[in-house]
Amino acid sequence: MAEPRRVAIIGAGPSGIFAAQALLNHPGIQIDLFDRLPTPYGLLRYGVAPDHTSIKGMGVALARVFDSPDVRFLGNVELGRDVTREELLGAYDAVIYAAGAAEDAEMAVPGENLPGSQSARSFVAWYSGHPDAVPFRLTGVRSVVTVGVGNVAVDVSRILCKSVAELTPTDMPDAVLNELRGHEVRDVWVVGRRGPEHASFTTTELRELLTLPEVQPVVHDDLDGLDVTTLDRRPRANIEAMRAAKQRDVPDASMRLHLLFWHRPVEIRGNRRVSGITLERTALDADGRLIGTGEDRTVECELVLRAIGYRATPLPGVPFDEARGVIPNRSGRVVNACGEVAPREYAVGWIKRGPTGVIGTNKSDAAETVAALAEDLEDEEMSRPGWGDTAPLEAVDELLRRKGLTPTSYADWMRIDAAETALGGRYGRARTKIATWDELLDIARGPGSVSSRRGGGGAQGGQHGGVDGGVHGGQPGG
Ligand code: NAP
């Protein structure tokens, strides 16, 4: 019987797991799913909003992949910090990079680094209980401006607008619920640099935001002049949702949710911390390019959350297209700086195509990459040993042992899962997230263990877009 092929997947988020699922359709392949975190599921666990339980439910389907004896989870192992690309290529027939998009785009305006100016990602990481998250303090925050009109902006705004009673059934850590319980935010602004017809949020998410109980929506733009008949379905439905919101009167509102389009940030104001944001009115020129009109307005706020898109972090030694923020690839096959295919290396998910689409988009994306990989495995030229070179593959477990690595396994994750479920159960919740490295590792290793997080920080930040590496630190608001 032919020796099984070994494939390493770097990043055990949805895109990595979808790749593993697709690989299982090809018999004779053993798959190791690595993650820098001790837990699997990536963005599903640390990016999907905790109150979106139906999307979170996708975890049940993703978990099935670990039922296969051919799939292992190896957590707390980071490419670059613990293992190198070369070591992986020496131990596996193929490596699939599924590390997501761990960085934020920047606004590049003065004051962007003032305390109180944060990435939406860091806010998401905090309320999702990511172990790298830096706690937010909302004391003294009465007005929040979210820059960007995509689904991330909607998520963070909705979490701020919802009552703690509505958020209690979620898996948010207790410390997060406690902070949200006392907050005094009264105004949440969502600001788009182009028009309402250009917003990238989806209608279901927008509608949910605009119909929250006790929240008065305030749509600042005049939508009457907009001819929706020329628009595609989603922008048309978005405009209809905004028109309906304009009619909505919420007499008992405790908060206001402002939508403001055609404004771009030009400065975050404040001395020692954020006190406001200056926005310039924008328009499109004759060529459809966004231009400033020179007409400014300032919105007072104590917290600015930029939700203007994510960027992948380059992986050490792996080709990277700085301009596009992705691993250059052809149908998932990694392409080097000379434009040639780098044998045995593949990419899936956001690091392959950029931070677009919903979780399910990664399924077809992974199918494309795995089809390319499977085709390459069939190639006689690529047959073992070593796909052209002569060295046999190093035993993976030997490699890890030699490096002193004791990855967390799927069984370890099951212990964390059980502990979180038990913690939630104490207060009638389905789950309460455990949010520190030490606790996660102690539970993973079992009673009497000594937690050890190898290194710290690391080149990848987060292998699937969960957090911005916890580099923010201003208070309040982070
Ligand atoms: P996004 O959809 O790409 O939205 C980014 C927003 O930021 C756009 O409105 C963009 O405006 C704006 N922007 C970019 N650069 C800017 C700048 N310098 N100044 C001001 N505004 C700027 O990204 P996202 O919201 O981060 O979402 C990422 C992906 O995750 C999306 O595919 C999203 O659908 C998905 N997601 C889905 C869900 C869900 O399904 N519930 C939840 C969260 C995220 P322009 O259009 O003018 O560039």
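In this report, Ala, Val, Leu, Ile, Met, Phe, Trp, Tyr, Cys and Pro count as nonpolar, Asp, Glu, Lys and Arg as charged, and the others, Gly among them, as polar. The structure described is a predicted model.

**The ligand and its surroundings**

By these classes, the shell around the ligand holds 8 nonpolar, 7 polar and 4 charged residues. Of the 19 residues in this shell, those that come nearest are Val149, Arg193, Arg194, Ser200 and Gly357. Domain 1 (5-102 + 311-409 + 435-445) and domain 2 (106-308) each supply at least three residues to the shell. Among the structural elements, helix H7 (residues 151-161) gives the most, with 3 residues.

Polar contacts to oxygen atoms of the ligand include the following.

| Residue | Protein atom | Distance to a ligand oxygen atom |
|---|---|---|
| Asn151 | polar side-chain atom | 3.1 Å |
| Val152 | backbone N or O atom | 3.1 Å |
| Ser200 | side-chain N or O atom | 2.8 Å |

On its own, the ligand has 920 Å² of accessible area, of which the protein covers 79%.

**Helix H1**

Helix H1 (residues 14-23) is mostly covered, with 9 of its 10 residues buried. The buried residues of H1 are Pro14, Ser15, Gly16, Ile17, Phe18, Ala19, Ala20, Ala22 and Leu23. Their cover includes three strands, E1 (5-10), E2 (29-34) and E4 (94-97), together with the helices H2 (42-46), H4 (58-63) and H13 (361-378).

Conventions. Residues numbered from 1 in each chain as written. Predicted model: local features only at pLDDT ≥ 70, side-chain atom pairs only at ≥ 80, totals over all residues. Heavy atoms only, no water. Buried < 20%, exposed > 50% of the residue type's maximum accessible area, 1.4 Å probe, protein only. Helix = DSSP H or I, 4+ residues; strand = E, 2+ residues; numbered from the N terminus. Contact = heavy atoms within 4.5 Å. Near = heavy atom within 4 Å. Polar contact = N/O pair within 3.5 Å; in protein donor to acceptor, adjacent residues only side chain to side chain. Areas by Shrake-Rupley, 256 points an atom, 1.4 Å probe, with all protein chains shown as cover. Domains from an automatic or database assignment.
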